[in-house]
Amino acid sequence: MNKVSWPYFDPDFDNLSERIYGPLLSVSIDNESMEDCTVIKVDSQNKQDLLLEVVQALTDLNLTIIKGFISSDAGWFMDVFHVKDEHGNKLADPSSINHVQKAIGAGKSSSTTDSPMAKAHASKFFTPEPPLAEHTAIEMTATDRPGLFSEISAALADLHCNIVEAHAWSHNARLACVAYISDQSSDSPIVDPLRLANIEEHLTTVLRAATFPVDAEQQQQQEVKTADLVGGEAMMMTNVERRLHQLMLSVKDYDHSQSSEPPSTSPRSPLEFIDSSSTDQEGRKTTVLIESCYEKGYSIVTVECKDRPRLMFDTVCTLIDMEYVISHACIRSCQGYAFQEYFIRQIDGCPLNSDGEKDRVIKCLEAAIERRVCEGVKIEMCANNRIGLLSDITRVLRENGLAVVRADVATQGEKAINAFYLRDLSGNINVDMELVESVKKEMGAPVDLQVKNETSMPSSSPERCHLSIKDMLKSHIERFSHTLLH
């Protein structure tokens, strides 16, 4: 019998590149340098969308990024983030630090989905129960109108569909909704093509049943389709939120031509933004400016607005979905306001060339920041789940003159957990609290209801406390010149 010989493979061959050039991804967490926050440093070989992956991982853990420096030129990715937990503290728990390392990708021995913290929901009121892969995902976009979310809920109930989870955003007269549904009788996913086609047709009819005329483009924006969203334990809330951003972008919610509010004729300067003489409402508006750095071939995007959680995720997500490459960035929040500066290029390496393209980026970033901000009354409900519960709740809200401008709906075991942002039918954010209490009584069944007034109060005008990459370079040059002169 002939002896068979096999080629020898060194077991360390797969790690050769890492041994020569260093680890592909290095995450270090410094809890000593800063008194009030944790410093996270990420070094890696650069790849497309890596910045978004890191920001998404931090956001999924409900960490607030108060400062950040990003550089991803020359094939290498180097980030520094100053973060706090959801309570505004540094990460003192060793297990929390381990969760961060796993979520970003440093922990190769176990998956990020093993961590309960990695499944943190955008709304701290509830955490959705996996697996979503056992349900059918439906995406909807439409021209918004009062009571539309209630009509969608009623239509799905009539079609014998159980809404397991749903998230809806309304902005600038547009609505985007992602819902996970199952068969009402078996609680199994709906896979029959004929039934899915019937659901899409029925919901499309509901979305297009406007009381005012719409043009052909608006009619195309009002559509329903089954979605190939990732489900199961790997599903993160930011995946749904990124899809909502994409749906809103697809229906051009940044276009103010159909909005009742006239668009600003020109962007304001940062000094105008923080001017104490501005009105309260004016002081809360977002400022986005774009400059050109022809020497280096960058377009510099500056964002200044009121700070809030998940802000960096919203802006980074929008720029990347618009197919721009973020080469450098500087992020800082101070006294309740956020300053962000991005050095971007198109995928082909060119900066933004036309004024029209710059104007579109400005509008899209403004819309991305505004979508999540819902002023008005927020109600959080917890009740025993039953068939048609969501339809009944939204119907009661609509009959009492309350419009849902944002919704987060989920189920946990036998409980239905819902969070709604409400305004009156005229769009006013000042909702009569007695009306909300009467809605609670009208619900009938035992409902644990919490009411919060989300109207933001004007804060004192912040000082110019931000630090930009341009300011850093200017400061270094001034110090160098001073040294030469003396």
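Start by selecting helix 2 (residues 50–60) and helix 3 (residues 94–104): they pack at an angle of about 145°, with their axes 9 Å apart. The model is predicted, so keep its confidence colouring to hand as you go. The crossing of helix 2 over helix 3 is right-handed.

Show side chains at this contact. Helix 2 contributes Val54, Ala57 and Leu58, while helix 3 contributes Val100, Ala103 and Ile104. What kinds of residues make up the contact of helix 2 with helix 3? The tally is 6 nonpolar, no polar and no charged.

Keep Leu58 and Ile104 selected. Both belong to the largest nonpolar core, which has 51 residues. Now add Phe81, Met312 and Tyr342. Together with Leu58 and Ile104, these touch the most other members of that core.

Centre on Tyr342 next. Which residues does Tyr342 contact, leaving aside its neighbours within four places in sequence? Select Ser299, Ile300 and Val301, then Met312, Thr315, Val316 and Leu319, and finally Ile326, His328, Ala329 and Ile331. Met312 therefore appears twice on this stop: as a contact of Tyr342, and among the core members with the most partners.

There is a second, separate core. It holds 45 residues, including Ala142, Leu148, Ile152 and Ala155.

Move to helix 4 (148–158). Select Ser150, which lies in this helix. Is Ser150 buried or exposed? It is buried, with a relative accessible area of 5%; the cut-off for buried is under 20%. Leaving aside neighbours within four places in sequence, Ser150 is in contact with Thr394, Arg395 and Arg398.

Follow those contacts to helix 12, residues 389–399. Its buried residues are Leu389, Leu390, Ser391, Ile393, Thr394, Val396 and Leu397. Thr394 is thus a buried residue of helix 12 and also a contact of Ser150.

What covers the buried residues of helix 12? Show these elements, all part of the cover:

- helix 4 (148–158) and helix 13 (433–442)
- strand 6 (161–171) and strand 13 (377–384)
- strand 14 (402–412) and strand 15 (415–424)

Step just past the end of helix 12 to Gly401, which takes a positive phi of about 75°.

Finish with two cysteines. Cys37 is buried, at a relative accessible area of 1%. Cys161 is buried too, at 4%. How many disulfides are there? The count is 0, where a pair needs its sulfur atoms within 2.5 Å.

Notes
Residues numbered from 1 in each chain as written. Predicted model: local features only at pLDDT ≥ 70, side-chain atom pairs only at ≥ 80, totals over all residues. Heavy atoms only, no water. Buried < 20%, exposed > 50% of the residue type's maximum accessible area, 1.4 Å probe, protein only. Core = buried A, V, L, I, M, F, W, Y, C linked by side-chain atoms within 4.5 Å. Contact = heavy atoms within 4.5 Å. Helix = DSSP H or I, 4+ residues; strand = E, 2+ residues; numbered from the N terminus. Axes fitted to C-alpha atoms, helices over the stretch in contact; angles between N-to-C directions. Left-handed = near helix turned anticlockwise from the far one by under 90°. Nonpolar A, V, L, I, M, F, W, Y, C, P; charged D, E, K, R; others polar.
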